Each structure stands twice: as C-alpha cells, then as structure tokens.
Amino acid sequence: MLRGGGWRPGARWARVEGADARPRDRRAGRVSEAAPHPVKAMPPDEGRTPVRDPRATPPSASPPWKGGAGGGSADSSPSARLRADPPPTPSLPGRGAVPRITSLQSGNALIIAAACPAARALGLAPGMAVTQARALVPGLDIRPADPEGDRAALLRLAMLAARRWCPVVMPSGDDGLFLDISGTAHLFGGEARMARRIVALLKRHGFTARVAVADTPGAAWALARYAPQICPPGAHPDALAPLPTAALRLEPRARDVLKRLGIETIGQLAAVPRAPLARRFGSTLIARLDQASGRLAEPLDPVIPPEAIGVVQRFAEPIATAEAIAHWLGVLMPRLVTALAEAGLGARVIDLVADRIDGVPQRLRIGLARPTRDGAHLLRLIVRRIEEIAPGYGIDALALHVRRADPLGAEPFAETLEDRPPDLAPLIDTLANRIGISALWRSVPVESDVPERSVAAAPPLDPPPRAAPKSKPDDVRQLDRSRPLHPWDARWPRPVRLLRRPELLDHVLAELPDQPPKRFTWRGMAHRVVRADGPERILGEWWKRGTERHSVRDYFQVEDDAGQRFWLFRRGDGERGETGDLAWFMHGSFG
Amino acid sequence: MRVVAVSCPAIPSSAIIAELRESLKKVEGDGLRRRPVLPFGIGAIDEKLAPGGLRLDSLHEIAAASAAPSDDAAATLFMAGIAARAWGPVLWVVRRRDLFAPGLYQAGLAPERLIYAEAADDAELLALMEEGLRHRGLGAVVGEVKRAAMPNTRRLQLAAEGGKTIALLLKRHARAATDKGGGNPLAVPSAAVTRWRIAAAPSAPLPVGAAGVGRARWQVELVRQRGGEPADWTMEACDETGRLALPARLADRTAGAGRAYRHAA
C-alpha cells in the first residue's frame, strides 16, 4: 500500500474520515461491474437532512441566575418595575459532547450565527466563518440557522408570559423579553420568588435564561445581560455604574469611539458633561443613558395574546326542537361573523356546543378548507348537522366557538366583475364535513419510476403550481429547448387502475431474457398473448431502501386473444440472479 | 298557469294560438336543442345522439360489458375522456382508492383538475355526487357505484338539470350475480339520459412485421338514450386529450395514414 509513494497526510485523512460517512457505491443501474466508482465529495451539512427546529439554536454561555439580593421592597417608585431576561437561547439536554453551531448565509460567506458552550470553549464565536470553524474543529455539528423560527418562538414565549405572568410583555431584540411586573409580583410571592419561578419554567421548556429586575427597561436590559440581579427600587444607577458601556444598547460605532476616549463603564459615561456628549454622539447616546436611568420614559409595546372568539346564547326556557336550534343559530351566526370581521380573521374550525339541562354538553365540529367568515355558508354547514344533536330534556344554552382561525383580510368583489373559475372551497367544506377531510384528496405527480411511488396525495384545495427548477445562468441544460416532460408522460403507458399489490401469475411461458410471456394464468383464467410491448425496465430506488439496490422490474404491456390488455412485470432482468427471482406479476389492466 | 289565464276567451283565433305556442316554448325551453351539449367531435357518434352530443346538464350511465378488469378499465377511461373534455374541475367519487392518476392523466385528465372523494357506501357516494352537481362550479362529477335505484338516479338527474356539470355514473359489476338482472348493471331502470356499455376490443393492427400493441380499441355500445335510437361502434381509445377516434378503415383512410399507429413507435 505504501509502495513508492510514502506517507501522504491527505490519503490517511481520507481513509479515516471518508469510509463511514459516504455510501460505498452510488450506482443506480447495473451493479455487476466490480469497478469502484469515484465518489464526489460532499460537504457534511448538505448530505444531512436539514433540521428545522428553533430549539437547535445552541445555548449561549450563560450562567444560570442565582437567587437575588432579597425580596423586593415596597415599591413607591413611579417608574415601572421591569425585568428583562434573554430566554431564547435554548439548550439541548444531554448533547453537550459534540460542539454545535448554526450557520447563516451572510453575503457570500457562511458565518456562525450561534455556538453552544462546548463550541465556544473551543474558540468558536458567532460571526466567524463556518469554513474556518470547520478547519479548527473537525466533526463539528453544523445546523442551518433559522432566524424567522427563532423570532416566532420568542413571540410564542412572549404570549405565554403575557397569559401567565403579567399583561405587558414585549420582545426585546432577538433574544430577550421585557415584562412589566408592576403590581403582579406579589401574586407570585415577591420579585425574587417570581424570578426563580420564571427561570424554572423556562428551563422546563428548554431555555437557559437570565433574569434581572430593575426600575427601567434600559436598566433591566443591561443588568440581565451583564450582572443578573434583583435591583431594589431606586438603586439602579449604582448597579449600572460598573457595567461596560455596551450594556446601554449602543451602536457598535459609538461603543468604539467611547472606548477610544477611555470611557469604559456607564458610571464614567454618566459623569461626563452631557452637552459635549450630545454634540459628539448625537441624541441617541443621551437618550439611551436617560432611558437606563429613568429620566426618559421608554414605553413598552406589549404583545396582545389572541383571544378565543365565541358567542353564547342562553335561554330562559330550554329548547328541544330542530327548528328552534336552527332559529337561534341564525341569530348567533351574524354575531360570530361580526366578531371574526373585527378581529380580521376567518374561521377554520368552529365548535357548536349545546348545553343540555342535564349537564351533558352536545358538541358539533365543522371544519373549513379555507378561512372564511361567510355567515350563510357557515350556517348551511352547521344547520345540515343539527340532527346529530341529542336535545334530551332540553338545551338551555347554545354557543359557537372558533377553535382555529387564520388571518383573512378584506375581500374584493372582483369575482362578479371578471370571469374567473368558481371557488371550490364551499364544496370542499360541504364534502369534508360529511366524509372527513382525509377522504378528500388530489393526486400530485412524484418524480419516481416505481409506479406505486409516482403518485402522492395532496390536500384538495389550492394545488401548488409545478415550479420549474431554478437553474443557474451557465447551466448547460438551458440549451435544451424542448418542453419539460411531465413525469406521467404518455410515452410510458400506465393503466388506469392499479392493483393494490401485484398478483402472482401462474404457468407463465416466456423466453429469457427479454421476451414477453406467450401465455399465463391469472385468477384461474388462462390467457394467450398475441401482442406485446416491452420491456420497460424499472430499477429499484436504492437511495430509498437498501433492499432495492439490485432489484429490477421488467414491465410488459400484453394483449391476449380476447382483446384484453394487461400490464405485467417480471421480477429480475433475466440475466443476473440478484435482480429478482423471475416471478411474473400482474399489476394492472389497460382499457 | 299563465296559459290557462290567457286561453279564457271563448273563440280562439290563430294569433292567440301562435302566442300560446310561443309562451309554451319559452316555458319548456325549446326542447333539447338549446341545452348545452358536449359533442364527441366524431360525426358518426354525434349524429346518432339526439341533441348532437352528450347533454351537459344531465346524468349518463356507463357500464363495462363484463366484470373483466380490461372492460372495467375501458369504461373508466371512456368516462375520463368525457370528463377531460368538459370545461372545469372534476370531482371523482370512488368507493376504493384503486384509480391510478397517471393512467387518467394519459386520458387527458390532468391532476390539477381532479379532486377525489372516497365514500363509505353507495348511498353516501350518490349524496356526494349530488352535492357536487348542485355546486355548479364543476365541469364533471364522476361516481362509481355497484347499484343505484331509480329514485337515486332521478335525484342526480334533477340535481344536474339547469347547470353545466355533466354527471357520469359508472355502474360496476357486483361480485356475485345477485343483482336483479343477473349481473347486468344496466338492467336496473334508471333516469339517465344515455346509457353506455363499453368493452375492450383487439387493438389496432400494426403494419406487417411490427411487433407490439397498437392503439387500443373499444366496443362502444349506446344501449339506450332518451329521444334517440341505440347504436354501437368500434372506436379507438382516448388519446392524450380524451378524444376518441374512428378506426382508420371506417373513416375512409388509408391504412398507412398514421393516426392509428401512434403507439407503434
């Protein structure tokens, strides 16, 4: 092995690294040739299934918050007591061994968006090039970053906090939340206890969090990131003084200039005369300083958790007849539609709950294929199913609850003006509420030669347009001016009904290797073949299942003497035993 | 009612009778000729059909000549071809999920136009078809039943009237011949406007020396139609746009004219 050449570092590396990561051969077709096939190297992050998980963001190096300096004192400060914690830096339990980073495309370069503590300990930091990181740390776990997903997760967390802890919650940046806990801390046993509970809750959800409580949002932001603590009322100027100026949410440029001027901490900055500062840095720096100290108000823009939409009608006398229920539904539905229109929503799932006087609620659920607030359509769907309600001794309340809603803006009247295809959504709703949405589907083509896999089911509404694959400007395939071929092109005839599983044929008389059968017996009936087309050879999709690596099906279209046309196939190519056992199967009939 | 009110005068004059005829015509909608039809585009078939094609606003029944899978596939493709030539989206209500969408695509029915629904039994299937017909936004509604009694087909026909949605009902053969009529699905009385029986026939012969299957042929039999005579033809199967064709010899073409041999290549 070392003949003549001596030791080459690349060769050994390739032997160790490449052997297990790549498939030994990547050949679709004939496997009998024993020649090794050159394998094109693949970057590890492309060969892997992309994982889209907001929690995959690695945790930043963040010490868990420790119990602060005693409970909050009586709050007489007029400014709000605020806290900021940077929660969305989640950790994955039990995965500390492999250093992990997330990568983000920035211009032409792939840079690190976030790095887990293990990766940081190895010297990787956000902002570095991923190629450099890969060179520094072999075996690095690199996942694509998902900034939108992270932001959505932070918003969900803000909703949770707004429902659970206090009414005014605002996301701050990409990694923090402001909670205005004025007047709510005592409900959770004081500020320190509340902070501990919040950290514990976030930990249960997989986030590492740091919490600080202070009088102003600016001070809470700075303390949460640089010195997590519970700052007693009025003490925040002293707490902020030793912190670096970066804790003031400054621009990087302003930070650099301050550094050059020798101003390192907030305390030093506060001691500088304000007028020269404002002249040099503009009003932003002064505003940030004032926001931190409380001289300038910083109102929060709270997230508003969506409220469930529902309407209720109670009756003095219980109702029991279908007519009465239909009447009251007709009264309730316009109210529900108005509520939906005010919220700018369209209903996707609506529950009708009829409270019976014996306390057994009757529920009906209607689903909608597309968000809608068309009262007449909704009413038609519900009234059709009134008979499913068992009124018992009577119903004393009817309620309509919107279980799922999607945004629905104003709709134009354009349908009546121009000639456009009619909307199928009402029909789909009607059918889906009768047989269930799973019994309605649309088939979409799949690029696969194996007949069973060439069709996939899709939701019945809004078929996605077949997007042409984007090609680069210098792609040679652009020279091909012919029409793109549909995966189901008629040049490869397919039967109109496919047997659920191919049926074995008996008494097949056929010449090897590639002649159609002369006669066969199927379901006890003997057929004599007079005409045939084929074979159409379909190879197993080795990249989907390892057992299909060698398998071959040879399909024939045959016609018997009675004029019946069939689609048969033989397992195996008739030459090599590993491709199949030469059994014949029926797979469908042509018309 | 209006007719009665106008005809009150004791002495009817020819002008009044003409007026009455005019208003009657308006009420009745001028017979069958004004209704929208879907022609096959083949003179030999269209001239035998009373309205000059398949009426769009009505129910048509199709059955395979036997329970053999080839005949069943031929009947299915015959329906798929008609649905493919209709104008809009198509609802196909099935009992079993055994349709193969590539086969339908090759009869001209693109997957973008086709919505499938699976019904648990025949009654539900007919109800779903009726919903589809009453929606008025579909080009065709196709259903596959084992049996549908006269009232069911009457309902479908009533639901179809007034719209532009063609209703196609495939009557499949029951497994055992327990049906009234000994296994012939068309023996049950029905309100359908036309009733067809389709069988697979030996394919178009290829030039001497060429091995292979030519374009498929069907034995198409118009068993009954309202206002017309039954008829039967041997047709060439649907092409990629859902159009049938007459075999070359019948259409006075020479054997080498090519159309029949498209599949020979």
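## Exercises on a predicted two-chain model

Strands E11 (residues 345-356) and E12 of chain A pair in the antiparallel sense over 7 bridges. The structure is a predicted model, and the exercises below work through parts of it.

**Exercise 1. State the strand order of the sheet that holds E11(A) and E12(A), and find its edge strands.**

Solution.
- Step 1. The sheet is open and has 4 strands, in the order E10-E13-E11-E12 of chain A, with antiparallel pairing.
- Step 2. Strand E10 (310-319) and strand E12 (362-372) of chain A each pair on one side only, and these are the edge strands.
- Step 3. From one strand to the next the twist averages 15°.
- Step 4. To fix the register of E11(A) on E12(A), take Leu352(A): Leu364(A) in E12(A) stands opposite.
- Step 5. Helix H14 (residues 375-383) of chain A packs on this sheet and touches E11 and E12 of chain A. The direction of H14(A) makes about 145° with that of E12(A).

**Exercise 2. Describe the hairpin formed by E6(A) and E7(A).**

Solution.
- Step 1. Strand E6 (residues 168-172) and strand E7 (residues 176-180) of chain A pair in the antiparallel sense over 5 bridges.
- Step 2. One of the bridge pairs is Ser172(A) with Gly176(A) of E7(A).
- Step 3. There are 3 residues between the two strands, and Gly173(A) in the turn has a positive phi of about 65°.

**Exercise 3. Classify the packing of H7(A) against H12(A) as roughly parallel or roughly perpendicular.**

Solution.
- Step 1. Helix H7 (residues 217-226) and helix H12 (residues 283-293) of chain A pack at an angle of about 90°, and their axes are 5 Å apart.
- Step 2. Angles of 65 to 115 degrees count as roughly perpendicular, so H7(A) and H12(A) are roughly perpendicular to each other.
- Step 3. H7(A) contributes Pro217(A), Gly218(A), Ala219(A) and Ala222(A) to the contact, while H12(A) contributes Arg288(A), Gln291(A) and Ala292(A).
- Step 4. By class, these residues are 4 nonpolar, 2 polar and 1 charged.

**Exercise 4. Decide whether Asp573(A) is buried or exposed, and list its contacts beyond four places in sequence.**

Solution.
- Step 1. Asp573(A) lies in the loop between strand E21 (565-571) and E22 of chain A.
- Step 2. The cut-off for a buried residue is 20 or more other C-beta atoms within 10 Å. Asp573(A) has 23 C-beta neighbours inside 10 Å and therefore counts as buried.
- Step 3. Its contacts, leaving aside neighbours within four places in sequence, are Pro513(A), Arg537(A), Val552(A), Asp554(A) and Thr579(A).
- Step 4. Look at one of these, Pro513(A), which is in the loop between strand E17 (506-510) and strand E18 (517-522) of chain A. A cis peptide bond joins Leu512(A) to Pro513(A), with omega about 0°.

**Exercise 5. Locate Leu582(A) and Arg136(B), and give the sign of phi in each.**

Solution.
- Step 1. Most residues other than glycine have a negative phi.
- Step 2. Leu582(A) is not a glycine, yet has a positive phi of about 65°. Leu582(A) is in the loop between E21 and E22 of chain A, and counts as partly exposed because it has 16 C-beta neighbours inside 10 Å.
- Step 3. Arg136(B) also has a positive phi, near 75°. Arg136(B) is in the loop between helix H6 (122-135) and strand E6 (140-145) of chain B, and is partly exposed, with 13 other C-beta atoms within 10 Å.

**Exercise 6. Determine which element of chain A gives the most residues to the side that touches chain B.**

Solution.
- Step 1. Across the interface, 41 residues of chain A are in contact with 42 residues of chain B.
- Step 2. The elements of chain A that give two or more residues are helix H16 (425-435) and strands E14 (440-445), E16 (497-504), E19 (525-539), E20 (552-560) and E22 (584-590).
- Step 3. E14(A) gives the most, with 6 residues.
- Step 4. The side of chain A that touches chain B has 22 nonpolar, 9 polar and 10 charged residues.
- Step 5. E14(A) also pairs with strand E5 (residues 114-118) of chain B, in the antiparallel sense over 2 bridges. Leu440(A) stands opposite Ala117(B) in this pairing.

**Exercise 7. Find which stretches of the two chains have pLDDT below 50.**

Solution.
- Step 1. Chain A has a mean pLDDT of 79, and chain B averages 83.
- Step 2. In chain A, pLDDT is below 50 over residues 1-96.
- Step 3. In chain B, pLDDT is under 50 over residues 1-9 and below 50 over residues 253-265.
- Step 4. Where pLDDT is low, the predicted coordinates should not be read in detail.
- Step 5. For the model as a whole, ipTM is 0.80 and pTM is 0.64.

Technical notes: Residues are numbered from 1 along each chain as its sequence is written. Chains are lettered from A and ligands numbered from 1 in the order in which they are written. This is a predicted model: local features need pLDDT of at least 70, side-chain atom pairs count only at pLDDT 80 or more; totals for chains, interfaces and linings use all residues. Two residues are in contact if their C-beta atoms, placed from the backbone, lie within 7 Å. Ala, Val, Leu, Ile, Met, Phe, Trp, Tyr, Cys and Pro count as nonpolar, Asp, Glu, Lys and Arg as charged, and the others, Gly among them, as polar. Two strands pair if DSSP finds at least two bridges between them. Axes are lines fitted to C-alpha atoms, for helices over the stretch in contact, and angles run from 0 to 180 degrees between N-to-C directions. Angles under 35 degrees count as roughly parallel, over 145 as roughly antiparallel, 65 to 115 as roughly perpendicular and the rest as oblique. A residue is buried if 20 or more other C-beta atoms lie within 10 Å of its own, exposed if 12 or fewer, and partly exposed in between; C-beta atoms are placed from the backbone. pLDDT is the predictor's confidence in each residue, from 0 to 100.
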